[in-house]
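Hi everyone, thanks for making the time. Today I'd like to walk you through a structure that will be new to most of you, so let's put it up on the screen.

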Amino acid sequence: MSVADDVRWMREALSLAREAALAGEVPVGAVVVSAGGAPDDVVARVGNRMVRDKDATAHAELLALRQAIRVLGDARVERCTLYVTLEPCAMCAGAMVLSRVGRVVFGAWDDKAGMAGSVGDVLRHPRLNHRPEVSGGVLADECGAVLSRFFAERRGATRLP
């Protein structure tokens with residue numbers, strides 16, 4: 001996929017992140033697109049649901065992978081790209097490796113829990129049997145601003161980024 005495609009699908013993930021924020025969730029959105037990248041090739045689109053589902057594992061990426069696996073009827077999603085607005089955590093990165101997602105594109109870097117290069121790198125760990133292609137920092141400022149605004153509002157800050 002091209003840089004324009006990456007921006008297009010990241011904007012879709014951002015829309016899902018904003019919807020999640022409106023529902024009181026940490027604003028993270030994820031979209032899974034199969035090889036072609038046309039609108040009808042979207043096999044999953046979801047935002048965080050940890051609060052609504054009362055489930056600590058209901059991260060957008062994990063839910064998107066589950067949805068893609070159901071839609072495609074295969075536990076492996078090798079011909080898909082997963083777009084997510086925040087660098088994946090260890091749990092989500094592990095699920096990406098196990099489901100053999102072909103490519104991961106993320107927005108904002110996560111210096112506290114990111115496992116695609118910030119804290120560690122599960123996605124490209126040399127001892128694992130699958131390493132997806134990874135592109136980080138796509139619309140990073142916009143993705144980061146959505147998160148910063150959400151947490152500033154939660155803290156009751158009067159000045160928002």
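**The largest pocket and what surrounds it**

Let's start with the largest pocket: 22 residues line it, and those nearest its centre are V26, L86, D110, L147 and F151. Please keep in mind throughout that this is a predicted model. The volume of this pocket comes to about 530 Å³.

What classes of residue make up the lining of the largest pocket? There are 12 nonpolar residues, along with 6 charged and 4 polar ones.

And which helix gives the most to that lining? That would be helix 5, with 5 residues. Strand 3 and helix 5 each supply at least two residues of the lining, so let's take a look at both of them.

First, the sheet that strand 3 belongs to. The sheet is open and has 5 strands, in the order 2-1-3-4-5, and its pairing is mixed. At the edges you'll find strand 2, residues 42-47, and strand 5, residues 133-135, each of which pairs on one side only. From one strand to the next, the twist averages 15°.

Now look at strand 3, residues 80-86, beside strand 4, residues 103-108: the two run parallel and are joined by 5 bridges. As an example, V84 has F106 in strand 4 as its bridge partner. As a reminder, strands of a sheet pair through backbone hydrogen bonds, either parallel or antiparallel.

Over to helix 5, then. This helix covers residues 140-155 and lies across strand 3 and strand 4, running at about 60° to strand 4.

Helix 5 also packs against helix 1, residues 3-22, at an angle of about 5°, and their axes are 10 Å apart. Angles under 35 degrees count as roughly parallel, and therefore helix 1 and helix 5 are roughly parallel to each other. From helix 1, the contact is made by M10, R11, L14, R18 and A21, and from helix 5 by E142, C143, V146 and F150. By class, that contact has 6 nonpolar and 3 charged residues, with no polar ones.

Thanks for listening!

Conventions:
Residues are numbered from 1 along each chain as its sequence is written. This is a predicted model: local features need pLDDT of at least 70, side-chain atom pairs count only at pLDDT 80 or more; totals for chains, interfaces and linings use all residues. Side-chain values use heavy atoms; hydrogens and water are left out. Two strands pair if DSSP finds at least two bridges between them. Helices (H or I, at least four residues) and strands (E, at least two) are DSSP runs, numbered from the N terminus. Axes are lines fitted to C-alpha atoms, for helices over the stretch in contact, and angles run from 0 to 180 degrees between N-to-C directions. Contact means heavy atoms within 4.5 Å. On a 1 Å grid over the protein atoms alone, a cavity is a set of points where a 1.4 Å probe fits but cannot get out, and a pocket is an open set with protein on both sides within 12 Å along at least five of seven lines; lining residues have an atom within 4 Å of a point. Grid points are joined across faces, edges and corners, and a volume is the space filled by probe spheres set on the points. Ala, Val, Leu, Ile, Met, Phe, Trp, Tyr, Cys and Pro count as nonpolar, Asp, Glu, Lys and Arg as charged, and the others, Gly among them, as polar. Angles under 35 degrees count as roughly parallel, over 145 as roughly antiparallel, 65 to 115 as roughly perpendicular and the rest as oblique.
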